[in-house]
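What follows is a walk through one protein model, moving from a single residue to the core, the helix contacts and the charged pairs. Please keep the structure open beside the text, and find each residue as it is named.

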Amino acid sequence: MAYDNALAALADPTRRAVFELLRTGPKPVGRIAEGLPVSRPAVSQHLKVLRDAGLVADRADGTRRVYHIDPRGLGALRAWLDQFWDQALAAFAAEVDDVPTTEEESR
């Protein structure tokens, strides 16, 4: 299950912070590390875990790597989360259908 790796990768607060920094667009490791209380090599290790989980991808830009969120990796995680949303909406709809309207209450 692809979402297992994504959830495990995002369980670490520093990795979540790295991932959230990429929300605004692609960034090299140095820019990501600027906003975090960990070293640049540590950020690289966190990015490797996120990449292995399919949540980020990278591309070469000269001698540096630029990382971005990989929408394909998010797809598996979102599909897994959506099943809970679908169930919640179905339960809500069933509850609403069971609540009598004002007109029915006055009878």
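Valine 29 has a relative accessibility of 11% and therefore counts as buried, since the cut-off for buried is under 20%. The model in which this value was computed is a predicted one. Valine 29 is found in helix 3, and once its neighbours within four places in sequence are set aside, valine 29 is in contact with Arg40, Val43, Ser44, Leu47, Arg65 and Tyr67. One of these partners, arginine 65, is 36 residues away from valine 29 along the chain, and yet the C-alpha atoms of the two are separated by 7.0 Å.

Proline 41 offers a contrast in exposure. Its place is in helix 4, and its C-alpha atom is 8.8 Å from that of valine 29, with the two positions 12 residues apart in sequence numbering. At 56% relative accessibility, however, proline 41 counts as exposed, whereas valine 29 counts as buried.

Another partner of valine 29 is Val43, and what does valine 43 itself touch, leaving aside its neighbours within four places in sequence? Valine 43 is in contact with Val29, Ile32, Ala33, Leu36 and Val38. Valine 43 also belongs to the largest nonpolar core, which has 19 residues, and together with Ile32, Leu47, Leu50, Leu55 and Tyr67 it is among those that touch the most other members. Helix 1, helix 2, helix 3 (29-34) and helix 4 each supply at least two residues of this core, and the largest share, four residues, comes from helix 1.

The contacts between helices can be followed next. Two packed helices are described by the angle between their axes and by the distance between those axes. Helix 1, which spans residues 2-10, packs with helix 5, residues 71-98, at an angle of about 95°, and their axes are 8 Å apart. An angle of this value makes helix 1 roughly perpendicular to helix 5. From helix 1 the contact is made by Ala2, Tyr3, Ala6, Leu7 and Leu10, and from helix 5 by Ala76, Leu77 and Trp80. In terms of residue character, the contact of helix 1 with helix 5 has eight nonpolar residues, no polar and no charged.

Helix 2, residues 13-21, and helix 4, residues 40-52, make a second contact, where the angle is about 80° and the axes lie 10 Å apart. Helix 2 and helix 4 are therefore roughly perpendicular to each other. Thr14, Arg15, Val18 and Phe19 of helix 2 meet His46, Leu47, Val49 and Leu50 of helix 4. The residues of this contact of helix 2 with helix 4 divide into five nonpolar, two polar and one charged. Leu47 and Leu50, named in this contact, are also among the core residues that touch the most other members.

Helix 2 also holds glutamate 20, whose relative accessibility of 42% places it among residues counted as partly exposed. The C-alpha atoms of glutamate 20 and isoleucine 69 are 9.2 Å apart in space, although the two are 49 residues apart in sequence.

Charged pairs complete the picture, and a search of the whole structure finds five salt bridges. Arginine 65, already met as a contact of valine 29, forms a salt bridge with aspartate 58, in which the closest N and O atoms are 2.8 Å apart. Arginine 65 is partly exposed, with a relative accessible area of 35%, and aspartate 58, at 23% relative accessibility, also counts as partly exposed. In another of the bridges the side chains of arginine 64 and aspartate 61 meet at 3.3 Å, N to O. Here arginine 64 is partly exposed at 42% relative accessible area, and aspartate 61 is partly exposed at 34%.

A further salt bridge joins arginine 78 to aspartate 82, with 3.7 Å between the closest N and O atoms. Both residues lie in helix 5, and they are four residues apart, about one turn of the helix. Arginine 78 counts as exposed at 57% relative accessibility, while aspartate 82, at 28%, counts as partly exposed.

Key
Residues numbered from 1 in each chain as written. Predicted model: local features only at pLDDT ≥ 70, side-chain atom pairs only at ≥ 80, totals over all residues. Heavy atoms only, no water. Axes fitted to C-alpha atoms, helices over the stretch in contact; angles between N-to-C directions. Parallel < 35°, antiparallel > 145°, perpendicular 65-115°, else oblique. Contact = heavy atoms within 4.5 Å. Nonpolar A, V, L, I, M, F, W, Y, C, P; charged D, E, K, R; others polar. Core = buried A, V, L, I, M, F, W, Y, C linked by side-chain atoms within 4.5 Å. Buried < 20%, exposed > 50% of the residue type's maximum accessible area, 1.4 Å probe, protein only. Salt bridge = Lys/Arg side-chain N within 4 Å of Asp/Glu carboxyl O.
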